[in-house]
Amino acid sequence: MATMIGSGLCNQTGAAVGALAFPVLGPVGVVATRQYVAALALLAVGRPRLRSFTWHQWWPVLLLAAVFGTMNLSLYTAVDRIGLGLAVTLEFLGPLAVALAGSRRRLDAGCAMLAAAGVVVLMRPRPSADYPGMALGLVAACCWAAYILLNRVVGRRVPGVQGSAAAATLSALAFLPVGIVVAVRHPPSAGAVLCAVAAGVLSSAVPYLADLLTLRRVPAQTFGLFMSVNPVLAAVVGWFVLGQSLGGPEWAAIGAVVAANTLSIATTRD
């Protein structure tokens, strides 16, 4: 339990710390740095033998790399526009959709309607609504759903975590020119670079290793149940670290999405 709590808090704190560097590096620069850190961490763990990969293994790895980069870029840009709590809540619709897809249970249909009601509340018309930011949050959700499905394919075709390490490396290489352009146009301060690196460590390296340890000790269902509180953790961390306060309707919407995911997972029969 302590490891799961620490993983969730590290993940959301990393995103919040990364947001502190947005005024200097922008979301693109922070995401580029995060990709570099994630690649280094996964390379150290996975040590992929790239020369031995066949095309049957390469194509899902390439897609996974594209989805990985797009997911982080859309999420961090959404965080910059609509705040951490709301961005993570919208992104969390991705794994929820994967969990509900293909289900014929009435309860899951009710969970889908509950989550949809939460999204309607978040995206309701109001003067302060940032629809491009919300759209980016939904793009991140689609990418997370694709990330889950592609990881299953990669996991079956590539031994260990070599596939994930290869995908993270390719994504980092794709962001290398972006990072150079950002550094040339907007020379970063030491503090901004430190925040971006911290975001990579806290949001990529630490959660990945913590989740590996956790899944050896707790059932996957229990792990999934705890993962559903991430939108709440994101809202709390965004409030404390970034001063992003939410109103009653926003908290109700976050609660609806979390409740939908919790009910779906808690009542799933293996």
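1. First, a working rule for ring pairs: two rings of Phe, Tyr or Trp (the six-membered ring for Trp) pair if their centres lie within 6.5 Å, and planes over 60 degrees apart count as edge-to-face. Keep in mind that this is a predicted model. By that rule, the count here comes to five aromatic pairs. One of them joins F22 and Y76: the ring centres are 6.3 Å apart and the planes sit at 65°, so this pair is edge-to-face. F22 belongs to helix α2 (residues 22-46) and Y76 to helix α3, so the pair ties together parts that are 54 residues apart in sequence.

2. Are the two partners of that pair buried or exposed? F22 is buried, with a relative accessible area of 8%. Y76 counts as buried too, at 1% relative accessibility. If you leave out the neighbours within four places in sequence, Y76 is in contact with G14, A15, F22, P27, V30, V31, R34, A199 and S203.

3. On to the cores. The largest nonpolar core has 45 residues, and Y76 turns up again here: along with L25, V79, L84 and L93, Y76 is listed among the residues with the most contacts inside that core. There is also a second, separate core of 21 residues, which includes F68, V158, A168 and A172.

4. A quick word on helix packing before the two cases below: two packed helices are described by the angle between their axes and the distance between the axes. Take helix α3 (residues 55-82) and helix α4 (residues 84-91) to begin with: their axes come within 7 Å and cross at roughly 140°. The crossing is right-handed. On the α3 side the contact is made by M71, L75, A78, V79 and I82, and on the α4 side by L84, L86, A87, V88, L90 and E91. Sorted by class, that contact has 10 nonpolar residues, no polar ones and one charged.

5. How many of the residues of α4 are buried? Eight of the eight, so α4 is largely enclosed by the rest of the structure. The buried residues are L84, G85, L86, A87, V88, T89, L90 and E91. T89, in helix α4, counts as buried at 0% relative accessibility. Not counting residues up to four places away in sequence, T89 touches L122, P231, I254 and V257.

6. Q12 gives another view of the surroundings of α4. Q12 has its place in helix α1 (residues 2-19), and Q12 is buried, with a relative accessible area of 5%. Setting aside residues up to four places away in sequence, Q12 touches L84, V88, N230, L233, A234 and V237. L84 and V88 are also on the list of buried α4 residues.

7. The other packing case is α2 with helix α8 (residues 162-185): they pack at an angle of about 145°, with their axes 7 Å apart. This crossing is left-handed. From α2, the residues that meet α8 are L25, V28, G29, V31, A32, Q35, Y36, A38, A39, L42, L43 and G46. Facing them from α8 are Q162, S164, A165, A168, T169, S171, A172, F175, L176, V178, G179 and V182. By class, the residues of this contact divide into 16 nonpolar, eight polar and no charged. L25 is worth a second look, as one of the residues with the most contacts inside the largest nonpolar core, while A168 and A172 are included in the second core.

8. What about the exposed residues of α8? Two to check are V184, found in helix α8, and L173, also found there. V184 counts as exposed at 62% relative accessibility, and L173 is exposed with a relative accessible area of 51%. The C-alpha atoms of L173 and A39 are separated by 9.1 Å, with their places 134 residues apart along the chain. For V184 and E250, which are 66 residues apart along the chain, the C-alpha separation is 39 Å.

9. Last one: R157, in helix α7 (residues 131-157). R157 is partly exposed, with a relative accessible area of 25%. Which residues does R157 contact, leaving aside its neighbours within four places in sequence? They are H56, Q57, W59 and P60. The C-alpha atoms of R157 and A109, 48 residues apart along the chain, are separated by 33 Å.

Notes: Residues are numbered from 1 along each chain as its sequence is written. This is a predicted model: local features need pLDDT of at least 70, side-chain atom pairs count only at pLDDT 80 or more; totals for chains, interfaces and linings use all residues. Side-chain values use heavy atoms; hydrogens and water are left out. A nonpolar core is a set of buried Ala, Val, Leu, Ile, Met, Phe, Trp, Tyr and Cys residues joined through side-chain atoms within 4.5 Å. Buried means under 20% relative accessible area, exposed over 50%, partly exposed in between (1.4 Å probe, protein chains only). Contact means heavy atoms within 4.5 Å. Axes are lines fitted to C-alpha atoms, for helices over the stretch in contact, and angles run from 0 to 180 degrees between N-to-C directions. Helices (H or I, at least four residues) and strands (E, at least two) are DSSP runs, numbered from the N terminus. A crossing is left-handed if the near helix is turned anticlockwise from the far one by less than a right angle, and right-handed if clockwise. Ala, Val, Leu, Ile, Met, Phe, Trp, Tyr, Cys and Pro count as nonpolar, Asp, Glu, Lys and Arg as charged, and the others, Gly among them, as polar. Rings of Phe, Tyr and Trp (its six-membered ring) pair if their centres lie within 6.5 Å; planes under 30 degrees apart count as stacked, over 60 as edge-to-face and the rest as tilted.
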